[in-house]
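Reader: Before I use any label attached to this model, I would like to know what each one rests on. Could we set the values against their definitions, one at a time?

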Amino acid sequence: MKLIVCKDYDDMSKKASELVISNMVEKPQLKFGFATGSSPIGLYKNLIAAQKEGEISFKYAKSVNLDEYVGIGADNEQSYSYFMHKNLFDQVNIKKENINLPYAPENDEKYALEYRKVLDEFGQRDIQILGLGENGHIAFNEPAEKLNRRASIIKLTESTIEANARFFENEDEVPRYALSMGVEEVFNSRTLIVLASGKNKHEAVKRLLNDDTISTELPCSLLNLHPNVYLFVDEEAYKG
Ligand code: GLP
C-alpha cells in the first residue's frame, strides 16, 4: 500500500486528483468505480475543473458505482445516484449510457443479482475511488464474521446509520438497507484510490496500517491484500 499523508482535506483532494488526471491523460477510455460520501467531493471538484481547463475529458470514460440505499429513487436528494449527478456527472462530459448506478427500490435480492450482471459485463476497472466508514467499512460492507464476495443487499449497522444521519433530517430517515458491491467486486480494479480525512477516520486508518491481522471485522484491513492501493490521508486521519 502506498501511503500519502496530506496536510488537510484540500491537499488530499489535490494529490488524489493529480493521480487520477495523469491516468486519464494516459488512457482517455478509463473505466472508473466511483464512491459517494464527503471524502471524494473535493477530488470530483478538481476533476470538473480539470475538464473545464481542457486537461482531461470524460468523453470515453465509463463508470460503475459502489453502492446505493435501498428504497430511495434517483430523484431523492439523499440517493447516491442524485449525489453522483450533482457532484460529478452533470458537470462533465461523461455519456449517460456509460454510467452504471446500482438501484434497489425495495429490499429484494433480485436487484443485487441484476447489479452483479452489470459488474460482470463492465469488467475490471482502471481506478476505483473508495472512502472508509468510521467502523472500517468499504462500500457498505459492514464489519461482520463473513463478508459478501458479490453485490448484495446489506443491513446497515447502527454505527453507520448514526454516521450517515448527518445527511438526513433525522436518524429515523436513514434507510436501514443498502445495495453494495461485494468485496471481490470492490477489489476488481487495477488501482484503488482510498481517501480518509478527519479525526473520525483515525481509528480505522490506524488499524488498517498497523494491525498485524486482517479481519472481516475490519473490512478495510482487506485492502492490505490488493497489490495497487494508494491511501491518501490527511493529518487528522493519520495522527488523530
Ligand atoms: C458511506 C458509503 C461509503 C463511504 C462512507 C464514508 O457509508 N457507503 O462508500 O465510503 O460512507 O463516507 P464519508 O466519505 O462521507 O465519510
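Author: Let us begin with accessibility: a residue is called buried under 20% relative accessible area, exposed over 50% and partly exposed in between, with a 1.4 Å probe and protein chains only. The model is a predicted one, in which local features need pLDDT of at least 70 and side-chain atom pairs pLDDT 80 or more, while totals for chains, interfaces and linings use all residues. Residues are numbered from 1 along each chain as its sequence is written, and side-chain values use heavy atoms, with hydrogens and water left out.

Reader: Why is proline 227 counted as exposed?

Author: Its relative accessibility is 75%, which lies over the upper cut-off, so proline 227 counts as exposed. Proline 227 belongs to the loop between H7 and E10, where helices (H or I, at least four residues) and strands (E, at least two) are DSSP runs numbered from the N terminus. Between the C-alpha atoms of proline 227 and leucine 192 there are 9.1 Å in space, although 35 residues separate the two in sequence.

Reader: What makes asparagine 228 count as buried?

Author: Asparagine 228 has a relative accessibility of 19%, and because this value is under the lower cut-off, the label is buried. The loop that holds asparagine 228 runs between helix H7 (202-210) and strand E10 (229-234). Leaving aside residues up to four places away in sequence, asparagine 228 touches Lys2, Arg190, Thr191 and Leu192, contact meaning heavy atoms within 4.5 Å.

Reader: How do you know that the side chain of asparagine 228 makes a polar contact with the side chain of lysine 2?

Author: The distance between the two side chains is 2.8 Å, and a polar contact is a pair of N or O atoms within 3.5 Å, where within protein one must be able to donate a hydrogen and the other to accept it, and residues adjacent in sequence count only if both atoms are side-chain atoms.

Reader: Why is the charged end of lysine 2 said to sit over the ring of tyrosine 230?

Author: The rule asks that NZ of Lys or CZ of Arg be within 6 Å of the ring centre and within 35 degrees of the ring normal. The charged end of lysine 2 is 4.8 Å from the centre of the tyrosine 230 ring, and that of lysine 31 likewise sits over the ring of phenylalanine 122, 5.1 Å from its centre.

Reader: How many aromatic pairs are there, and by what rule?

Author: Rings of Phe, Tyr and Trp (its six-membered ring) pair if their centres lie within 6.5 Å; planes under 30 degrees apart count as stacked, over 60 as edge-to-face and the rest as tilted. Under this rule there are nine aromatic pairs. Phenylalanine 34 and tyrosine 44 form an edge-to-face one, with 5.5 Å from centre to centre and 90° between the planes. This pair links strand E2 (residues 31-34), which holds phenylalanine 34, with helix H2 (residues 41-52), which holds tyrosine 44, ten residues apart. Phenylalanine 34 and tyrosine 44 are both buried. Phenylalanine 34 also pairs edge-to-face with phenylalanine 89, at 5.9 Å between the centres and 65° between the planes. Phenylalanine 34 lies in strand E2 and phenylalanine 89 in the loop between helix H3 (80-87) and strand E5 (99-100), so parts 55 residues apart in sequence are tied together by this pair. Ring pairs join Phe32, Phe34, Tyr44, Phe58 and Phe89 into a cluster.

Reader: What makes alanine 139 count as buried?

Author: Alanine 139 has 8% relative accessibility, which is under the lower cut-off, so it is buried. It lies in the loop between strand E6 (125-131) and strand E7 (152-155), and its phi is near 55°, a positive value in a residue other than glycine. A polar backbone atom of alanine 139 is 3.3 Å from a nitrogen atom of the ligand.

Reader: Which side-chain atom of lysine 201 comes up at the ligand, and at what distance?

Author: An N or O atom in the side chain of lysine 201 is 2.5 Å from an oxygen atom of the ligand. For histidine 137, a polar side-chain atom lies 2.9 Å from an oxygen atom of the ligand.

Reader: Why is serine 221 called buried?

Author: The relative accessible area of serine 221 is 1%, so the definition places this residue among the buried ones. A polar atom of its side chain lies 2.9 Å from the backbone nitrogen of serine 215.
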